[in-house]
Every structure is written in C-alpha cells, then in structure tokens.
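Me: Please take a close look at one part of this predicted model. I should like an account of the largest pocket and its surroundings.

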Amino acid sequence: MNISGFDLNLLKVLDALLRERNVSRAAQRLSLSQPAVSNALGRLRELLDDPLLVRVGRSMQPTPRALGLELPIRDALARIEDSLNAGDLFDPASSQAHFTVAVTDYVELLCMPALMKRLAQVAPGIRLAI
C-alpha cells in the first residue's frame with residue numbers, strides 16, 4: 001500500500017478503537033464526536049479492505065488483521081510522539097531559566113550554599129531568587 005494518500009490521523013483513531021473496543025469511548029479518548037470516529041472507521045475499513053472491528057454485543061472485537069496492526073501502530077505512534085517531545089527535554093547546562101524558591105531562613109542557611117555551588121557547576125545560566 002502506498003501511504004502517500006493515507007490520512008495518518010486514521011492511525012490514532014484505529015489505536016483508540018483497539019484500546020477501547022467501543023466507538024463512543026474511543027471518541028471520548030480522542031475528543032471527537034462518535035459520528036466522526038464511526039466515519040474514520042469506515043474509511044479505515046475501505047482503505048485496508050478489512051472490517052477491522054466487528055460488533056459483538058456491546059463491544060467491538062478486532063479481526064485478525066486489526067490484531068496484527070495493533071502493536072506496530074501503537075509502537076509507531078509512541079515513537080513519533082517521543083520524537084516530537086524530544087525538543088521539550090530540559091537541559092540544565094544550557095538553560096537560562098529564572099526560578100523563584102520560597103524557603104524558610106533555616107532551610108536557606110542549611111541548603112542554599114550547597115545548591116548554589118552545584119548549580120554553578122552543572123547549570124551556570126540558571127538564576128535563583130530566594
């Protein structure tokens with residue numbers, strides 16, 4: 001399958017459906033309407049030529065194809081999320097952040113000299129207001 005025309009947002013919907021086994025709960029998880037998730041499931045079924053989830057009582061049971069896609073899709077989505085969040089990591093060595101710390105006089109006397117010395121070593125750009 002050529003994914004150039006594949007809406008990758010549908011993978012998030014499939015993941016939610018496979019986790020919840022229920023269209024309404026998947027919609028809640030995704031902050032979408034139930035009809036939007038039903039429509040996405042219909043698109044997925046057509047694109048993948050498989051029913052993916054079939055109704056059994058009040059829940060949806062995944063087909064063998066859906067079960068085979070579940071872990072690879074979940075892993076791919078997690079890797080994408082990790083990659084996108086990588087820039088959000090805090091690097092104390094390069095940070096220029098300013099923090100305000102509220103402590104008692106006793107704690108300031110006891111802890112702050114060692115903390116300031118350590119910050120000067122590992123995070124020289126960080127400034128503290130005590």
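**The largest pocket**

Reply: At least two residues of the lining of the largest pocket come from each of α1, α2 and α4 (64–85) (helices are DSSP runs of H or I, at least four residues, numbered from the N terminus). The model is predicted: local features need pLDDT of at least 70 and side-chain atom pairs pLDDT 80 or more, whereas totals for chains, interfaces and linings use all residues. Numbering starts from 1 along each chain as its sequence is written, and side-chain values use heavy atoms, without hydrogens or water.

A pocket is an open set of 1 Å grid points, fitting a 1.4 Å probe, with protein on both sides within 12 Å along at least five of seven lines; lining residues have an atom within 4 Å of a point. The largest pocket has a volume of about 220 Å³ (the space filled by probe spheres set on the points). The greatest share of its lining comes from α4, with six residues. The full lining is Lys12, Asp15, Ala16, Arg19, Arg29, Leu30, Arg74, Leu77, Ala78, Ile80, Glu81 and Leu84. By class, six of these residues are nonpolar, none is polar and six are charged (Asp, Glu, Lys and Arg count as charged; Ala, Val, Leu, Ile, Met, Phe, Trp, Tyr, Cys and Pro as nonpolar; the others, Gly among them, as polar).

The second largest pocket holds about 180 Å³ of space. Its lining comprises Met1, Ile3, Phe6, Leu8, Leu11, Leu14, Leu48, Arg65, Leu69, Pro72, Ile73 and Ala76. Here α1 and α4 each supply at least two residues, and α4 again gives the most, with five. This lining divides into 11 nonpolar residues, no polar and one charged.
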